[in-house]
Amino acid sequence: MPDSSPSTTPVIVLCIYLSLLLGLAMMSKRLFRGTSKDYFVASHSIGPFLLLMSVFGTTMTAFALVGSTGKAFQRGVGTYGLMASSSGLIHAFCFFMIGIKLWAIGKKYGYVTQIQFFRNRFESNGLGYLLFPILVGLVVPYLLIGVIGSYRVMGPLTKGMFPNVFAGHEGSLPPWLIGAVICGVVLTYIFAGGSRAAAWANTFQTLVFMCMGVLAFYLISQKFGGMAEAIKQANPAHLVRTPSELEVTSKAGTFTREVGIPPLMFLSYMFIPLSVGMFPHLFQHWLTAKSAKTFKLTVVAHPICILIVWVPCVLMGLWATGVFAPSPSNVWPAPAIAIMKGLPDASVGAILSLSLRFLIENPIIVGLVTAGILAAIMSSLDSQFLCLGTIFTNDIVLHSAGKDRFSDGQIVAMARGFVVAIVLLTYVLSLLLQGAQNVFDLAVWSFSGFAALTPLVFAALYWRRATKAGAYACVIAVVATWITYFAMSGFGGEFTVMNGVMPVALCFGAGAAAMIIVSLVTQLPSKETVDKFFA
Amino acid sequence: MRSPIVIGIFVFLALAHQDFWLWDDPSLVFGFIPIALFYHASYSIAAAIFWGLVSKFAWPTYLEAWADEGEDGTSAD
């Protein structure tokens, strides 16, 4: 009886990719100097290209390849303006206005976490303890999205490949194995080389996911007979931004899918990219820079890198909408049409995987593009694992017990221990929550929380009059408004107020107003502190 | 480059992001790219050029020297 199982070649390609990644990252360990400063911030030695690639790779999560294609399939052409072009302007703004100044302050005073800076700037230990659970709480869902994202990509891809070994999972690799491999690889190089290994690994992974995105784009367009033919068969409602209702008939029945983007959502979404100003893992990457000038390439090239990744992905998402409007140039096979039409909104992230599976029959190419998707996921995971280990070590243990009580080697060992614990916790949580429908919607809530806290860092850096009480008021106002809207959304679903306004705009406004009003009526920071940060 | 000019261009770019005049336009540029996508792809290039000019003419060079000073204002080297 002939073996009808799909080829396992994509899995072999992925194993080769992961081995290469591990090999490169372990080579970078040879450059590790063994000090805590090197483990946390690579001794401020990272050059322009590595900084660009590591910052870009960290900023672009699984959402860059998988989510952007799915969002364009769901919402249409406005996806790029909504999420990508605004990020090109605002991310670079944050790098320029916040990143460079924090790098200078961090280098001068030896900070390796945001909380260390905020504690000194606002003369308050308590502010650190208030910020700690908030920052960690906002990073954790971000981590889970990455690991669960790997399950959602690898599960369908490997379906039927291992019918004897994993019969209980329809022959696909089970989540426990996928998670163990992904988390294990990332943990290995972070454990060994800290932020230096993360920078090298991120550079490799960023190059891989950028190249593989373009490769998938080229091959899928060829399948349609070129880009002009591909766009011709796209659904017309997806080529404009005006919202409309699309009626879809599938095996599951007839339902409507909202297409387009409400104008107020498009406007207020501009606040979301501000989140990079408060990402703790990005703060740590900024501090790895060799000099302020190192930032120049990152500031200038970041919008172009976004363009290279997002334009092809959005176009692929638009082409996939052809399943709603069959035309002579439509090349989608019937099974693909049936699956895509029936996808609930929470699962549209599977569009890229489905396009690969049905349109690209070469298993090596499928393996390579899937490696690109995993690269995008892992290039964010490593920085987040490392930053949480750094925060626990520095802001809780060393801050409470006193840095002088530990040798430098003990501090590195402690950070490694925390990283292992965080990876294990993330792995277990991801297995428990893998079936959650709206897990990807948590990303925008995580970003919203960080973005709404931007007034805190901006005032800390540019407003001498910003006070300790103002900082507390800002954080409390943001948390209160964020929790209110999060609860109103049903704890994680897509949610807007006032005909399309994103909650982040109101949370940001509340935080900024609280900071300004309370600072103006409370005691000024000491002259010593003002002189320290505003010399 | 003076700060008001930088701020002015930044505000202009932020406003230009709201391309309401293309909201209903389904036309294709070069026969394959929807005009709304083409506009925002061009916008990304404009943002890169803007930040390139800022990097060339408004870079905070003083920060580097300040960061390299010791906490007492002397050179850390």
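Good morning. I shall begin with a single residue: Gly435(A) is exposed, because there are 10 other C-beta atoms within 10 Å, and exposure here requires 12 or fewer. Please bear in mind throughout that this is a predicted model.

Where does Gly435(A) lie? Its place is the loop of chain A between α16 (408–432) and α17 (441–452). Along the chain, Gly435(A) and Ile148(A) are 287 residues apart, yet a separation of 8.8 Å is computed between their C-alpha atoms.

For the opposite case, consider helix α14 of chain A, residues 351–359. Nine of its nine residues are buried, so this helix is largely enclosed by the rest of the structure. The buried residues of α14(A) include Ile351(A), Leu352(A), Leu354(A), Leu356(A), Phe358(A) and Leu359(A). Ser353(A), Ser355(A) and Arg357(A) are also among the buried residues of this helix.

Let me turn to chain B. Three helices and two strands make up its elements, and from the N terminus on their order is α-β-β-α-α. Chain B has 77 residues, of which 23% count as buried.

How do the two chains meet? On the side of chain A, 40 residues are in contact with 30 residues of chain B. Three helices of chain A, namely α5 (78–109), α9 (227–232) and α12 (295–320), each supply at least two residues of the side that touches chain B. Of these contributions, α5(A) provides the largest share, with 15 residues. Sorted by class, the side of chain A that touches chain B comprises 27 nonpolar, seven polar and six charged residues.

Since α5(A) provides that largest share, I shall look at one of its partners, helix α2 of chain B, residues 35–57. The axes of α5(A) and α2(B) come within 9 Å and cross at roughly 5°. Why are the two helices described as roughly parallel to each other? The description applies because angles under 35 degrees count as roughly parallel, and the crossing angle of α5(A) and α2(B) is roughly 5°.

Which residues form this contact? From α5(A) come Gly78(A), Tyr80(A), Gly81(A), Ser85(A), Gly88(A), Leu89(A), Ala92(A) and Phe96(A). They meet Ala36(B), Leu37(B), His40(B), Tyr43(B), Ser44(B), Ala47(B), Trp51(B) and Val54(B) in α2(B). The residues of this helix-to-helix contact divide into ten nonpolar and six polar, with no charged residue, whereas the whole side of chain A that touches chain B has six charged residues.

Thank you for your attention.

Notes: Residues are numbered from 1 along each chain as its sequence is written. Chains are lettered from A and ligands numbered from 1 in the order in which they are written. This is a predicted model: local features need pLDDT of at least 70, side-chain atom pairs count only at pLDDT 80 or more; totals for chains, interfaces and linings use all residues. Two residues are in contact if their C-beta atoms, placed from the backbone, lie within 7 Å. Helices (H or I, at least four residues) and strands (E, at least two) are DSSP runs, numbered from the N terminus. Ala, Val, Leu, Ile, Met, Phe, Trp, Tyr, Cys and Pro count as nonpolar, Asp, Glu, Lys and Arg as charged, and the others, Gly among them, as polar. A residue is buried if 20 or more other C-beta atoms lie within 10 Å of its own, exposed if 12 or fewer, and partly exposed in between; C-beta atoms are placed from the backbone. Axes are lines fitted to C-alpha atoms, for helices over the stretch in contact, and angles run from 0 to 180 degrees between N-to-C directions.
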